[in-house]
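Open the model in a viewer and keep the selection tool at hand. The stops below go through helix packing, a sheet, a salt bridge and a hairpin.

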Amino acid sequence: MMKFPGQLVFGLDIGTRSIVGTVGYRTGERFHVISQSIREHETRAMLDGQIHDIHKVGATIKEVKLHLEEKVGRKLKDVCIAAAGRVLRTITTHVEQEFPGDKEIDGEDIYALDSRGVEKAYEEFLETNDTEIKFYCVGYSVVRYYMNHYPISNLEGHKAGTIGADIIATFLPDDVVDGLYKAVGLAGLEVVNLTLEPIAAIQAAIPEMYRMLNIALVDVGAGTSDISITKDGSIVAYGMIPIAGDALTEVIAKHCLVDFKTAEKIKRAAGEEESIEYKDILGLTQTISREKIAEVARPVIQDMTKRVADKIKELNGDKSVSAVFVVGGGGRLQGYTESLAEELDIQKERVAVRGEEVMQQIAFYEEDARKDSLMVTPIGICLSFYEQSNNFIFVYFNDQRVKLYDNNKLAVVDAAMQAEFTNDGLFPKRGKALNYFVNGKPRITRGMLGEAAIIRVNGQEADIYTPIHANDHVRVIESTAGEPAALDINQLPEYGAVMPVEVNEQKVELPKFAMVNGHLQSGYYGIQENDSIEFLNYYTVRQIAEFMDVIINQDMNIYVNNKLADMDTIVYENFAIIWTMEELQLSDRDIYGSGAPDTYANLPDDDGSYMKSEPKKEENPFAAEQAAIHAGELAGSTGSTAGISFDKTAVPAENTDFSGDTSALGATDSSEATAAQESAASSETAVSSEQTGIPMAIQVMVNGAPIRLEGKTSYIFVDVFDYINFDLSVPQGSGIATELNGKNAQYMEPIHSGDVIKIYWKD
């Protein structure tokens, strides 16, 4: 095996007419070409830089590889390639990186800046890509670096707080890139660097010392003419037109009546011989002069050079360049450089075919090595390996080979996305959720989580954030879904909430019932999709007795909040209940409240006192169902109310103004008892008025003066403004202050008789 002082680099120029392989290494600023190999396609397996027959191209690449392996004495596995600029897209962007303080810039900082620029360009490209075609970044160039916002040619070693870069990135369709990778793979090679043909050509044809000048490089191949522009020390633009040497070959084939392969030989011979002899398709020997070939090709050359010149001007800000270097086989045809100079309106001497003249830093091992314009791009492909790292890597995701843009931060999740693996397949999936309503508000219970995806990278356990590298094997077993949500009534937080009441001066906590879709259900009921669940906030006296396992004698007197009641009377939380054989000594106010409620007949007796009648029964349509549930859920009750307690906090009852304060029942001072009873009676009247719809009047104190409100069944704070003279049109302070019984009040807050209200302007 031959030994070389540097790492061998294998560059492959996969052209439309031929494939050129170059092997060499670099020491210092000099690149050494060890060996070259050229094979032409037997058929037109490639057109306009696009591979049409992957297997035939792959077979030709393999021939080149084997020939070079034989010459250099070692196996070749890694290869650098370049893509033609077919359907080329470019994005120019600016990126910056700030540091906490002045930092000495090293190579890693510059690489990170370049990578961020390429990522940003790719994101901007995706926003403007209005096609369904997938594009990939196949190369980039730094137009200019910045240090603390000032241009600089090289950042390394300088101290800066901010660095920046103008970057031009190039993008090609996936099918162009993918075809190249597949053909190379068929030859047993792996791509370690991919660049664009004009980028590669400029590496060899225009050294950095010349890039201060405004120069165009035109690589005239067989299917495409690739263009790049330099100015102010940088490569500032790339472009392509899909016409090149094959167009000339086709017109010669038609004129000479020969096949494409013979026409290609005639075209090449015209560059060296005055007269060319050939056989046409009829087998007749013919002769054509060099001048005649130039005459036949002139219209095509003029069309081609005009399109190239227009593209150069477009890329150069709608103006011509100072000079043009022409490389590639297609540019050697007689008349090409002269026509291009004419179209650009520059001296013809400033448009020249470049070959050996631009290879001053290239050393050749082989004596018969080719040093013409055809070899500029293949050598440039090798040089590109040293200029920038590979833009793509390949990994295997569940045995599928996927291509990833290498930003040095790739993880399993990136490969999964590129392979279009479902996102749900990476994360544990929940079972079907359960949707229902509790007290009118929507609620959802999520299903159970399933098993997470099983991920392995190269056989080792991993997760979605595990880093991946070129040729890694990633295997993912999709995550599973969990069980669907299931929930019983007794699992709701509201279940077990209690409603406190006082029975014969003992506190009793009653569990609240659940009504599902209009039917009472036990705590063991399994909630179904879209069920409507309500927790009732009342009991009847009968249900309370059943809960306590108490038998009430029919001769007993029943009192609810000091008013005569019966077994079907509705009881809300904090109500006071008494059942006794004794008849309480209640005043008319105790019995009827402060008004004439419609629960009593309110008819005067002969002696002028009110005659007591049967209380009206509030209907409870669920009484039978509640009793049935109590019988099932509360079986085994001891009948004693002592020690009855629940951990759940009672939810305040709705649609009631009762305070629930029963301290007046045990008050020793008669005035206090009377005041408490009047308050309860007033509240009871308010409830009755709202239920019956009969208007009532209340009296409140507003800013120290009594105000009477009337005409409504209930009142809120804002109603007061209808009865006082408070000018709101002319502000007399920073805002209006409102108080109700010494506390801040809301305009929609309910008010009752005896409330003390203050309304005034804030300072």
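The model is a predicted one. Start by selecting helix H5 (residues 245-256) together with H7: they pack at an angle of about 140°, and their axes are 9 Å apart. That angle makes H5 oblique to H7. The crossing in which H5 passes H7 is right-handed.

Now show side chains at this contact. From H5, select Ala247, Leu248, Val251, Ile252 and His255; in H7 they meet Lys292, Ile293, Val296, Ala297, Val300, Ile301 and Met304. Divided by class, the residues of the contact of H5 with H7 are ten nonpolar, one polar and one charged.

Keep helix H7 (residues 290-315) selected and add helix H8 (residues 336-344): here the packing angle is about 45°, with the axes 9 Å apart. H7 is thus oblique to H8. The crossing of H7 and H8 is right-handed. On the H7 side, select Ile301, Gln302, Met304, Thr305, Lys306, Val308, Ala309, Ile312 and Lys313; the residues they meet in H8 are Tyr336, Ser339, Leu340, Glu343 and Leu344. The contact of H7 with H8 has eight nonpolar, three polar and three charged residues by class. Ile301 and Met304 of H7 appear in the contact with H5 and again in the contact with H8.

Next, the sheet. Select the strands in the order E14-E13-E12-E17-E18; these five form an open sheet with mixed pairing. Strand E14 (234-241) and strand E18 (351-353) are at the edges with a single partner strand each, so one side of each has no neighbour in the sheet. From one strand to the next, the twist averages 20°.

Within this sheet, pick strand E12 (residues 215-220) and strand E13 (residues 225-231), which run antiparallel and are joined by six bridges. One pair to label is Val218, whose bridge partner in E13 is Ile227. Bring H7 back into view: H7 packs on the sheet, where it touches E12, E13, E14 and strand E17 (323-327), and its direction makes about 145° with that of E14.

Move to another helix pair, helix H4 (residues 197-205) and helix H9 (residues 376-387). Their packing angle is about 95°, and the axes are 7 Å apart. H4 and H9 are therefore roughly perpendicular to each other. To see the contact, select Glu197, Ile199, Ala200, Ala201, Gln203, Ala204 and Ala205 in H4, which meet Val376, Thr377, Gly380, Ile381, Leu383, Ser384 and Glu387 in H9. By class, the contact of H4 with H9 consists of eight nonpolar, four polar and two charged residues.

How many salt bridges does the count come to? The count is 22. One to select is the side-chain pair Glu63 and Arg39, at 3.6 Å from N to O. Glu63 is in helix H1 (residues 54-72) and Arg39 in strand E3 (residues 30-40), so the pair ties together parts 24 residues apart in sequence.

For the last stop, select strand E33 (residues 557-560) and strand E36 (residues 576-580), an antiparallel pair joined by four bridges. Tyr559 stands opposite Ile578 in E36. Then add strand E34 (residues 563-565), which runs antiparallel to E33 and is joined to E33 by three bridges. Ile558 stands opposite Ala565 in E34. In the hairpin of E33 and E34, two residues lie between the strands, and Asn561 takes a positive phi near 55°.

Key: Residues numbered from 1 in each chain as written. Predicted model: local features only at pLDDT ≥ 70, side-chain atom pairs only at ≥ 80, totals over all residues. Heavy atoms only, no water. Axes fitted to C-alpha atoms, helices over the stretch in contact; angles between N-to-C directions. Parallel < 35°, antiparallel > 145°, perpendicular 65-115°, else oblique. Left-handed = near helix turned anticlockwise from the far one by under 90°. Contact = heavy atoms within 4.5 Å. Nonpolar A, V, L, I, M, F, W, Y, C, P; charged D, E, K, R; others polar. Pairing = 2+ DSSP bridges. Salt bridge = Lys/Arg side-chain N within 4 Å of Asp/Glu carboxyl O.
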